[in-house]
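Reader: I am a first-year student and would like a close look at one part of this model. Please take the place where two helices cross, and then set that place within the rest of the chain.

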Amino acid sequence: MKDGGTSIDGQRLMPHPGETILQAARRAGIEIPHVCWSEGLAPEGGCRVCLVEVAGATRPVAACHTHLEPGMQVRTETPRLDRLRREILTLMADPHPAGAFTDVAAATPFGRLLQRYGMVANGTHPRRRGDLDGAHPYLHFDPSLCIVCRLCVHACEEVQGSFVYGVGGRGAHTTLRIGALDRYTPSACTACGACVDRCPTGAVTDRDRLDRAEADKITATVCGYCGTGCRIEVATRGEEVLRVEGVRDAAVNRGHLCAKGRFAHGWHSAGDRLTRPLLRRAGELVPVSWAEAIAFAAGRLRALRSAHGSDAVACLTSSRSTNEAAYLLQKLFRCAFGTNHIDCCARVCHSSTALAMGRMTGTSAASTSFHDLELARCLVVAGTNPTEAHPVVGARIVQAVLRGADLIVIDPRCTALAEYATLHLQPRPGTNVALLHGLAKALLETGALDRAYVAERTEGLAELETFLAGLPLADAARISGVAETDLRAAARILGRGPALFVHGLGLSEQTQGVAAVEALCNLALLTGSLGRAGAGMMPLRGQNNVQGNADMGAMPDALTGYQRVGDAEVRARFAALWGVPPPATPGWTVSEMFAAARDRRLKALWIQGEDPMQSHPEPERVREALGSLDFLAVQELFLTDTARLAHLVLPAAGCLEQDGTFTNAERRIQRVRAAVPPPGEARPDWQVFVELARALGLRWNYRHPGEVMDEIARAAPALFGGVHYDRLEGDGLLWPCPDATHPGTLTLHLGGFPCGRARFRAVPYLPPPELDVPGHPYTLITGRVLQHYNVGTMTRRTQQLELEPEDRLEIHPEDARREGLVDGGRARVTSRTGECVVRVRCTARVAPGTLFLSFHHPQTRTNALVGPHHDPESKCPDYKTVAVRLRPE
Ligand SMILES: Nc1nc2c(c(=O)[nH]1)N[C@H]1C(S)=C(S)[C@@H](COP(=O)(O)OP(=O)(O)OC[C@H]3O[C@@H](n4cnc5c(=O)[nH]c(N)nc54)[C@H](O)[C@@H]3O)O[C@H]1N2
Ligand SMILES: Nc1nc2c(c(=O)[nH]1)N[C@H]1C(S)=C(S)[C@@H](COP(=O)(O)OP(=O)(O)OC[C@H]3O[C@@H](n4cnc5c(=O)[nH]c(N)nc54)[C@H](O)[C@@H]3O)O[C@H]1N2
Ligand code: SF4
Ligand code: SF4
Ligand SMILES: [Mo]
């Protein structure tokens, strides 16, 4: 294409289709002054500061709105433009108090612009000097600095999708409105901070930015909370974290974050961080040196292993720490003690997903990447609540739907996404299998399955058809409580072509968890969705590195890279790499470990960063198990209920304090870097494993986690052969990445499945053991809320606590009335396993008969309610269907 003499300020450049003058100028390194434009947001076009002159045109045009056409000759700086800009800036600045912007000139783009034109606000027509909104823990609004550019409005709508801001009044009296009451609380605000990022004047700002301390270091790393894996930049001064920002060009989050990632960093400097190793002496945990702690641990483990054999020792790796740490811990227990009793909290999370997807497609991880969220024409969001649990993914889904993608939500609760859905199927908890088989049947009846794909890439359709023939649609509707017409409507949408199936714990943490994920996978196969861009299966793996923990071999039956312990050839390769062959017999899952501890078969357990006393069902049974051990070691940031039971507590470095890698829910391996040192004598987990190995006589001399990654690449070359720290700058690599030149894999199964053909599977529906229990009229779902994270050790030590002070029991207003409960009052919840007393929140978010409770605070004792039921194959507990009764307290 010819450039047709196109130029900006005399600089020739090739116009790109659809590009505005402002964008083209930026590409050419020319910054046109602007106020109400921001990269990635729809141009507002209101401020007119970006006016430019185009040769031949009589009037200046707005550069943010006008496309650069071939042949255009643009001038961005002329005397006329200079005069116009001064007039506009005067109008904008004038109503504000003298010095308003120039006080903070260096800190805000608008201040810098005024400075560039040598202008100051002079307070000729002061706007109201409103109070800061002091009610919010993070966000502040100062109306005296607001120029009503509307960038916050755009950010809230187009990035976060929360629609908090509005603009009221006219002309000089135009003002920004925040929610209905001009306050962030109460409003739809999620405290994500996207508006703060874009505000050019400092009118909308946050607590961290009000603190004007200068950073002496910026560290590029990854958020340590959820499996989204947002890239962040951490500004620090010495040992203090000043603020966290999203990386603007990050593939995962494009600058966006949720409140946890952006603001919830206070745990790092909490007064009750563990700072020294603690050893139990005469019943008390007392501080000891690291040398003593390591020697004690090595001695106890060696003695118990010698006295009772390799079945007597076990470990749990932490899905909150790095890949390198998880790799070393499983290697240590396999090499030093000859045990496969290794598990991680994926067991109580997406183990059903891993089993089902692995069995049907040959790979247990997401077949897609977040990039596909924007390409998908239809999204099915089943049993997951991404706007709270993976908020940046949730925000991307909201935007995809606003742009026109179809959305089917399958959730007993009316989640935020359900409100955007084309169709919300609201099943009774625990009835996924009936519902999803019903959908498959309705899809077959429409005849709109992808026959060519099914014929070429799958097997077992005939059996599936026979199975579904015996399942009346009316039964699926009756069992699930979803009307037949809705099942058919959903099938018609699915029949239009490939879809992106996004799922979560509402499917996995069930007594029929594996069968439910298999039934979802049937739908993905019938619609030809796996192995296509913009479609496929995307289980939203939960913790920052739970995907990585499984990848590293923190499983009783698989080594690094999902290589089976039972395979002699695999073991021989590991023997060559490790110098010791890994044991051949699959080990115990975590629940089997606890049972073995209660029976005194298991003697020693090493827990790296997990708090089963709060996160596992039946805490008293967990206490009994942990209390029966001869040696329990816990590596932690805080003295959790689990750590309190330990013989040895080791202080750990957290996500902002260690180097390594995390693997997110897309299989993306990203670099994690220490922004601040750990407090006191706390140490990164991987270093502790190296020292422990040495104390046990192994010759380990890794000096940096990068060297561990090099070994991981050798241990599982098919997945990680090409992964090396040099290649992990920026957006990292998605596995499989088998060699040094491989770019990583966005979409799996493009050319076929690792298992050849994918296989349909259909297990009949069985009613969950806790549905319709006499005397227990309610079904309790347990799960998470936006502002806290799992056992809450970290978020509870930040101002997240002000946003969400406690776990609340969500109940439909009709049910509350019937039970004599009031919003804010307290209820006693009793299951067949246990009981607890909690504050009530009345909301139509839950259907009548259904309740919801989170588990983020230890004092709530949510898991005292959850019984022993689990999926028979994956062993994942059923946290989602608990029969309870209620009374006011
Ligand atoms: N803010 C925050 N984010 C987190 C976490 C956190 O604690 N807080 N934890 C992280 C972790 S470890 C994980 S695993 C992920 C989990 O992320 P999600 O899987 O999204 O989380 P949950 O809230 O447990 O449950 C998801 C949804 O399943 C629905 N559900 C319950 N029963 C059923 C059912 O029978 N059928 C269907 N179809 N749906 C059902 C619930 O109503 C809920 O909306 O989140 C991660 N992100
Ligand atoms: N009722 C109910 N219970 C549930 C669930 C549910 O939906 N309902 N969901 C389950 C799910 S999906 C999960 S994943 C589990 C999560 O349960 P847990 O794994 O027990 O909880 P987390 O809060 O993720 O983290 C565990 C601990 O790791 C510590 N930690 C953080 N970073 C590091 C580090 O770098 N090193 C070390 N050594 N420690 C660190 C934290 O302080 C925290 O105490 O909970 C499960 N429990
Ligand atoms: S913090 Fe996020 S949700 Fe709240 S107003 Fe700003 S952009 Fe909207
Ligand atoms: S979405 Fe997840 S990874 Fe991103 S900032 Fe929030 S908690 Fe962190
Ligand atoms: Mo999880």
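Author: What follows starts with the crossing of two helices and then moves outward to other parts of the chain.

This is a predicted model, in which local features need pLDDT of at least 70, side-chain atom pairs count only at pLDDT 80 or more, and totals for chains, interfaces and linings use all residues. Residues are numbered from 1 along each chain as its sequence is written, chains are lettered from A and ligands numbered from 1 in the order in which they are written, and side-chain values use heavy atoms, with hydrogens and water left out.

Two packed helices are described by the angle between their axes and the distance between the axes. Here the pair is helix α9 (residues 323–337) and helix α28 (residues 705–715), whose axes come within 9 Å and cross at roughly 65°. Helices (H or I, at least four residues) and strands (E, at least two) are DSSP runs, numbered from the N terminus. The axes are lines fitted to C-alpha atoms, for helices over the stretch in contact, and angles run from 0 to 180 degrees between N-to-C directions. The crossing of α9 and α28 is left-handed, a term used if the near helix is turned anticlockwise from the far one by less than a right angle (right-handed if clockwise).

From α9, the residues that make the contact are Asn323, Glu324, Tyr327, Leu328 and Lys331. From α28, they are Pro705, Val708, Met709, Glu711, Ile712 and Ala715. Contact means heavy atoms within 4.5 Å. An α-helix has 3.6 residues a turn, so residues three or four places apart point the same way. By class, the contact of α9 with α28 has 7 nonpolar, 1 polar and 3 charged residues. For these classes, Ala, Val, Leu, Ile, Met, Phe, Trp, Tyr, Cys and Pro count as nonpolar, Asp, Glu, Lys and Arg as charged, and the others, Gly among them, as polar.

Now for the rest of the chain. The protein chain has 31 helices and 37 strands. Its radius of gyration is 29 Å, close to the 29 Å that the globule rule gives for 889 residues, so the chain is as compact as a globular protein of that length. That radius is taken over C-alpha atoms, and the globule rule is 2.2 Å times the number of residues to the power 0.38. The C-alpha trace spans about 90 × 70 × 65 Å along its principal axes. Of the contacts with a separation of 6 or more, 71% are between residues 24 or more positions apart. Buried residues make up 63% of the 889 residues, where buried means under 20% relative accessible area, exposed over 50%, and partly exposed in between (1.4 Å probe, protein chains only).

Two other helices show how burial looks locally. In helix α24 (residues 590–598), Val590, Met593, Phe594, Ala596, Ala597 and Arg598 are buried. Their cover includes β15 (313–317), β16 (342–344), β25 (604–608), α25 (612–615) and α26 (619–627). After α24 comes Arg600, in the loop between α24 and β25. Arg600 has a positive phi of about 65° although it is not a glycine, and it is partly exposed, with a relative accessible area of 39%. In helix α18 (residues 473–480), the buried residues are Leu473, Ala476, Ala477, Ile479 and Ser480, and they pack against α15 (432–446) and α19 (484–494). Gly481, which follows α18, has a positive phi near 80°.

The loop between β8 (175–178) and α5 holds Pro186, which is joined to Thr185 by a cis peptide bond with omega about 0°. Asp182 is also placed in the loop between β8 and α5. Its phi is positive, about 60°, although Asp182 is not a glycine, and Asp182 is partly exposed at a relative accessible area of 27%.

Helix α5 also leads to a ligand. Around ligand 3 there are 13 residues, of which Cys156, Cys189, Cys192, Gly193 and Cys195 come nearest. The elements giving two or more residues to this shell are α4 (151–160) and α5 (194–198). A residue is near a molecule or strand if one of its heavy atoms lies within 4 Å of it. The shell divides into 9 nonpolar, 4 polar and no charged residues.
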